[in-house]
Amino acid sequence: MESSSAGAPERAQQPEAAPGGGPAVPEEDRRTRMGRYVALFAMPFLMVTMMYATYVGTMHDPAPRDMPVAVVGTGAQAQALADGIEKAAGGALDVRTVATGDEAVDLLEDREISGALLPPAQGGAEAVVYTAGAAGASQAGTVQQLLAPAAVENGWTTTTEDVAPLAGEDLSGTAVLFAGMGMMLAGYVPLSILTMSLPYLLTLRRFLPLMLGWSALTSTLIWVLLGPVVGAVDGHYLHFLGIGLLATGAVATTQLLFTKLVGPLAVLFGMLLWVVFGMPSSNLSLSIHTMPGFFQWLHGVLPLPAAGEAMRSLIYFDGRGIGGHLLTLGAWIAAALALCFLQERRSGLAIPAAPPATDSSLPLPALAGGPVRSPRARYIAAFAFPMAILVCVVGLMAGSMHKPQVRDMPVAVVGATQQQAEQAVAGMEPSLGAMFDLRALDSADEAADLIRDQEIAGAYVLPTEAGGAAELLGASGAGSSQQTILTSAFTQVAQGQQAALTTTDLEPLTPDDTMGTNSLYVGMSWIMAGFLIAAVLRGGAPELRRTRQFVVKLAGWSVGMALWLWLLFDVMIGAVNGHAGALIGIGALTIFCVSLAANAFTRLFGLAAIIPVMVVLMLLGVPASGGGLPLAMVPDVFRTLHDVLPLPAAVGTARDLVYFGGDAIGGHLLTIGVWGAAGLLLNLFADRWIALRAAKGKGVPAIVPRATPGPRKPTEPAPAEPALAGAGRD
């Protein structure tokens, strides 16, 4: 095997015998090694930066921009009402007039408008706000908030009519989101495995039939997970299959093109298009009308939005408007296939920086950094690795979020006396007992302290006198959706008691965190930075075989990434203000502890361990964190995991620092520290285990031999070495 560095002549390297008689990793000059390490650290740096710069930048303060709505009516009076609503909204709404309510409903079902206001008939006092929950739950809520003031200003009461409600088993409206994500992952993930383990499959002749079978299989699996298993979708199997063939095919063929052009670096291009740009532009989580204009344009271009909207059209809107989305997916497939064909004609079948294999005979690892495996083992890995990711992402996330229901949210009822409070609790239990864990208190100050300590979500303070007002205490800093739930429920309670309700937000959200999700993204960025570095070191630097060899590298990475993420979120984006020293220090600790834990598992079990690591650290951690949905709205198992996993601890730490003075971070830091200590102990155990295997001649880094080149076309480049020195070794 040969190794060369830029600007330096190639020199042959002869492998030395390794302990146990196996071949050792070839020597590598200092310049080449430095270049390899720069590439290794650049990969996770770019992944984390691209993802969270975009997510935090677009979602920390989403605001409607020119959201299309309609006013039902004709003539000067209707136009004046439309103009007044648009002016009052200050650029948030783009208001038109339509002649009839039926026309407004048609436009809603075609998703050409987001909502409509039907003024009361002559002499009436009740207006109707039309929404379409299936077009986006958050969008429907935004429409109501923006149109209701116009009704109040005119002295009207309002009712809301949802012309396209969500299904009872998909109350969050996320089934189409997870379906689209699954199809995107099914097209994206396998190429990174095939490039280094089965590169000879990446020719159009071999790839196309495999892609068709894989697309059909994964689309069926996604339907099974979302339908029979989770229960979020009823029927529509053939729809899933058809859209899945197009969506997975669009991503897979384009990813194949990227691979033919840049080799293993295609993973970055794919992540940028499918994940980083795809989610904010998808209209599947937040309304596209709350995203910057660039993402609104991407909504009509990228495969993830097209797949999700096509699914939404079929499930909720009888296929209305589906044609354009299917055309988008077909255009991606056609363009990618044509360019792949031209690239093969121009440059042959070689993949840049990938093993120059023409068949399965070249000995290669199944996963980067692993030992050489048989073709059968490589086929199994190429199938099982992306399939496991798909099942975990779609199954776990959909299962935890598709039907959020409030259960046992802790709330205090405060009376002038303990007896009055207990009587009020007894009266509320029949109607609210399933949703709230009601407890009686006789002090509003005590309730406020418990809210700030996050031991309870809110407190309902009973009127002190007949005809007086009740008060609802809460803290939106602990979660905006939690505050919304409390306000909705106890407004009805106050109405039943014929009392006015005032709301006091003890810890309001900052203007730069209007969704209350900044702490979630901060925590996720720390966790992702920790386990990604473990993955790339295992795959690209397997010569680091002892704890002392990589612990300093992990520490330096942790400090550098924590500092960079703080600069990114605070200085550049302006989403996280203040607490610089604490956020950098706790971020570095979190990244370091997570990287130690993840590194221990990848050392002991190989790169395949990244799947259970990802499941535990990220996929289980998100619903258990309370950073998106309140803990009271997720299944009980996630409430238990809240006190165990590092992501909830990281999210809780960031939230406590910003909103609650940092008084409660001790327990979170202890959780993070335990993960770090356990990771260190496991790494020391891995040192002994690897040394014992090496003494027996097992687990020694193996050389990936250069394939014997056959005849090449004049335009076909010489076979390339693996992308990173060390690729394909144990």
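Strand β5 and strand β6 (residues 126-131) pair in the antiparallel sense over three bridges; two strands are taken to pair if DSSP finds at least two bridges between them. Strands (E, at least two residues) and helices (H or I, at least four residues) are DSSP runs, numbered from the N terminus. The model is a predicted one, in which local features need pLDDT of at least 70 and side-chain atom pairs count only at pLDDT 80 or more, while totals for chains, interfaces and linings use all residues. Residues are numbered from 1 along each chain as its sequence is written, and side-chain values use heavy atoms, with hydrogens and water left out.

Between β5 and β6, Ala 116 has Tyr 130 as its bridge partner, and Leu 117 is bridged to Val 129. Strand β5 (residues 115-118) also pairs with strand β3 (residues 67-72), here in the parallel sense and over three bridges. In this pairing Ala 70 of β3 is matched with Ala 116 of β5. Ala 116 is thus a bridge partner of Ala 70 and of Tyr 130.

These strands belong to an open sheet of five, ordered β4-β3-β5-β6-β7, with mixed pairing. The edges are formed by β4 (93-98) and β7 (157-162); each has a single partner strand, so one side of each is left without a neighbour in the sheet. Direction ignored, neighbouring strands of this sheet are turned by 25° against each other on average. At one edge, β3 and β4 pair in the parallel sense over six bridges, and Met 67 has its bridge partner in Leu 93 of β4. Helix α2 (residues 75-89) packs on the sheet and touches β3, β4 and β5, with its direction making about 170° with that of β4. Contact means heavy atoms within 4.5 Å; axes are lines fitted to C-alpha atoms, for helices over the stretch in contact, and angles run from 0 to 180 degrees between N-to-C directions.

At the other edge, β6 and β7 pair in the parallel sense over six bridges. Val 129 is bridged there to Thr 160 of β7. Together with helix α4 (residues 137-153), β6 and β7 make a right-handed β-α-β unit; a crossover is right-handed if, with the strands pointing away from the viewer, the path from the first strand over the helix to the second runs clockwise. Strand β6 is mostly covered, five of its six residues being buried (buried means under 20% relative accessible area, exposed over 50%, partly exposed in between, with a 1.4 Å probe and protein chains only).

Within β5 lies Gly 115, which counts as buried at 0% relative accessibility. Residues up to four places away in sequence not counted, Gly 115 touches Pro 68, Val 69, Ala 70, Leu 108, Tyr 130 and Val 143. Gly 115 and Leu 146 are 31 residues apart in sequence, with a C-alpha to C-alpha separation of 9.9 Å.

Two helices were examined further. Helix α5 (residues 175-197) has 23 residues, which at 1.5 Å a residue should span 33 Å; its end C-alpha atoms are 33 Å apart, in agreement. The expected span is 1.5 Å times one less than the number of residues. At Leu 185, α5 bends by about 25°, the bend being the angle between axes fitted to the seven residues ending there and the seven starting there. Of the 23 residues of α5, 22 are buried, so the helix is largely enclosed by the rest of the structure. Thr 248, in helix α7 (residues 237-262), is buried as well, with a relative accessible area of 0%. Neighbours within four places in sequence left aside, Thr 248 is in contact with Met 183, Ala 186, Gly 187, Trp 214, Ser 215, Thr 218 and Ser 219.

Another open sheet is formed by five strands in the order β11-β10-β12-β13-β14, again with mixed pairing. Here β11 (436-441) and β14 (501-505) stand at the edges with a single partner strand each, so one side of each has no neighbour in the sheet. The average turn between neighbouring strands of this sheet is 20°, direction ignored. Strand β10 (residues 409-414) pairs with β11 in the parallel sense over six bridges, and Val 414 has Leu 441 of β11 as its bridge partner. Helix α14 (residues 444-452) lies across β10, β11, β12 (458-461) and β13 (470-474), and runs at about 165° to β12.
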